[in-house]
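Work through the exercises below with the sequence and the structure open beside you. Try each task before reading its solution.

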Amino acid sequence: MNLLPLCAFALLAGILLKISEELFPKFKPLILAATGILFFLYFIIKIAPLWTKLFTFGSESDYPALFALLFKGFGIALVVSVSASFCRDLGEEKVAEKLELCGKGAILYLSLPILEYLLKWIGEIVV
């Protein structure tokens, strides 16, 4: 994954943010949001081949349902993390903390079938 274009864009966004802070302070949240969205899109585009390979691996495994839960958990974590970062960029730290707490709860709830499977598996090995 070539990060040079991403770093160049980050520097450009930083310069635009500093300039807009003094000249056009109302544009700062818009520039922050656009920067975050472009970073997220760049990440999704670059990770797509890995994502495809993992889906293939998961569907060919003996436990495709467990892999599906794992992918859902990863998706929840990614969306919550990006959303919380947006909230922090806009100065809403408390909203970001509550969002992260809800995301952790959703992942915990989602992981219960995996935990149940692991406990059964450990029980079979021990007995």
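**Exercise 1. A residue and its patch**

In which helix is the place of L23? Then decide whether L23 is buried or exposed, and find the surface patch to which L23 belongs.

Solution.
- Step 1. Note that the model is a predicted one. L23 sits in helix α1, which covers residues 4-23.
- Step 2. The relative accessibility of L23 is 57%. A residue is called exposed when this value is over 50%, so L23 counts as exposed.
- Step 3. On the surface, L23 joins I15, I19, F24, F27 and L30 in a nonpolar patch. Together these residues have about 630 Å² of accessible area.
- Step 4. Helix α1 is the element that gives the most to this patch, with 3 residues.

**Exercise 2. Confidence**

Which helix has the lowest mean pLDDT among the elements of the chain, and which has the highest?

Solution.
- Step 1. Begin with the whole chain: the average pLDDT is 85, and 98% of the residues score at least 70.
- Step 2. Go on to the elements. The lowest mean, 81, belongs to helix α2 (residues 28-60).
- Step 3. The highest mean, 93, belongs to helix α4 (residues 93-110).

**Exercise 3. A network of charges**

Which residues are linked with K18 in a network of salt bridges? Follow the network from K18 and give the accessibility of each member.

Solution.
- Step 1. K18 pairs with E21 in a salt bridge, and their closest N and O atoms are 3.8 Å apart. The cut-off for a salt bridge is 4 Å, so a distance of 3.8 Å meets it.
- Step 2. Both residues lie in helix α1, 3 residues apart, which is about one turn of the helix. An α-helix has 3.6 residues a turn, so residues three or four places apart point the same way.
- Step 3. E21 also forms a salt bridge with K28, with the closest N and O atoms 3.1 Å apart. K28 is found in helix α2.
- Step 4. K18, E21 and K28 are therefore linked in a network.
- Step 5. K18 is exposed, at 54% relative accessible area. E21 is partly exposed at 38%, and K28 is partly exposed at 29%.
- Step 6. For a distance check, take K28 and A10: they are 18 residues apart in sequence and 14 Å apart in space, C-alpha to C-alpha.

**Exercise 4. Another salt bridge**

How many salt bridges does the structure hold? Describe the one between E93 and R88.

Solution.
- Step 1. The total is 5 salt bridges.
- Step 2. The side chains of E93 and R88 meet at 3.1 Å, N to O.
- Step 3. E93 has a relative accessible area of 36% and is partly exposed. R88 is partly exposed as well, at 32%.

**Exercise 5. Helix α3**

What span is expected for helix α3, and what span does the helix reach? List its buried residues.

Solution.
- Step 1. Helix α3 takes in residues 64-89, which is 26 residues.
- Step 2. At 1.5 Å a residue, the expected span is 38 Å. From first C-alpha to last, the helix reaches 37 Å, close to that value.
- Step 3. The buried residues in α3 are F67, L69, F71, G73, L78, V80, A84 and C87.
- Step 4. Just after α3, G91 takes a positive phi of about 85°.

**Exercise 6. Cysteines**

How many disulfides does a search of the whole structure find?

Solution.
- Step 1. The search finds 0 disulfides.
- Step 2. Take C87 as a case: its nearest cysteine sulfur is that of C102, 11 Å away. A disulfide needs sulfur atoms within 2.5 Å, so C87 is in no disulfide.
- Step 3. C7, another cysteine, is partly exposed, with a relative accessible area of 45%.

**Exercise 7. Distance in sequence and in space**

How many residues separate E124 and P25 in sequence, and what is their distance in space?

Solution.
- Step 1. Place E124: this residue is in helix α5 (residues 112-126). At 61% relative accessibility, E124 counts as exposed.
- Step 2. E124 and P25 are 99 residues apart in sequence. In space they are 63 Å apart, C-alpha to C-alpha.

Notes. Residues are numbered from 1 along each chain as its sequence is written. This is a predicted model: local features need pLDDT of at least 70, side-chain atom pairs count only at pLDDT 80 or more; totals for chains, interfaces and linings use all residues. Side-chain values use heavy atoms; hydrogens and water are left out. Patches are made of residues with over 30% relative accessible area and no salt bridge: like charges are joined within 9 Å, nonpolar side chains (Val, Leu, Ile, Met, Phe, Trp, Tyr) within 5 Å. Accessible areas come from the Shrake-Rupley method with a 1.4 Å probe; for residues, only the protein chains shown count as cover. Helices (H or I, at least four residues) and strands (E, at least two) are DSSP runs, numbered from the N terminus. Buried means under 20% relative accessible area, exposed over 50%, partly exposed in between (1.4 Å probe, protein chains only). pLDDT is the predictor's confidence in each residue, from 0 to 100. The expected span of a helix is 1.5 Å times one less than its number of residues.
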